[in-house]
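Student: I should like to take a close look at a single part of this structure. Please describe the aromatic rings and how they are arranged with respect to one another.

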Amino acid sequence: MHIALREVHDSDLPVFFRQMNDPQSLRMAAFTPEDPADWDAFATHWTKIRDSRDIVRTILADGDVVGSTAVYGDPGEREVTYWVDRTYWGRGVATAALRALLTEVRDRPLYARAAADNTGSRRVLEKCGFVTSVQARGFAPARGEEIDEVVLHLAE
């Protein structure tokens, strides 16, 4: 499978919206919008992201839109994020996409956050050189409760 990144197109947004409303994906990600089914809030959020100086990319697998990845935030505190359609989990898509993004964005340090029990996402980050630096607790809207989370960093 060939993984590539490209600029986000308007036509990607309905695909992202559908992906971000998968119940299993929401539970695994945990730290999600309060109401992921609110299209207006989703569209407003994406307009803000696309108008910012953040680096945001669509993930393509063999030409199909399968998710998004980004680096956002202020210098010295920038974070990575990604979302991959659940049907592509466990196939190396997130790892390949994050590696491609890290090649494009050379800023360091970079940070990432994940639910402590999201072993798949933690593995992706570790394969890309991130190491756990902090364990904390935070409110996870998708689970409706406070949960354990990890903060990872990439120093090099």
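Tutor: What follows is an account of the aromatic rings. The model is a predicted one, and the values below are computed from it.

Five aromatic pairs are present in the structure. One of them joins Phe17 and Trp39, whose ring centres lie 5.0 Å apart with 85 degrees between the planes, an edge-to-face arrangement. This pair connects distant parts of the chain, since Phe17 belongs to helix H1 (residues 13-19) and Trp39 to helix H3 (residues 39-51), with the two residues 22 apart. As to their surroundings, Phe17 has a relative accessibility of 18% and is therefore buried, the cut-off being under 20%. Trp39, at 36% relative accessibility, counts as partly exposed, because this value falls between 20% and 50%.

Trp39 also takes part in a pair with Phe42. Here the ring centres are 5.3 Å apart and the planes meet at 35 degrees, so the pair is classed as tilted; the tilted class covers angles that are neither under 30 nor over 60 degrees. In contrast to the link between helices H1 and H3, Trp39 and Phe42 both lie within helix H3, three residues apart, which is about one turn of the helix. Phe42 has a relative accessible area of 9% and is buried.

Taken together, ring pairs join Phe16, Phe17, Trp39, Phe42 and Trp46 into a cluster.

Terms used:
Residues numbered from 1 in each chain as written. Predicted model: local features only at pLDDT ≥ 70, side-chain atom pairs only at ≥ 80, totals over all residues. Heavy atoms only, no water. Phe/Tyr/Trp six-rings, centres within 6.5 Å; stacked < 30°, edge-to-face > 60°. Helix = DSSP H or I, 4+ residues; strand = E, 2+ residues; numbered from the N terminus. Buried < 20%, exposed > 50% of the residue type's maximum accessible area, 1.4 Å probe, protein only.
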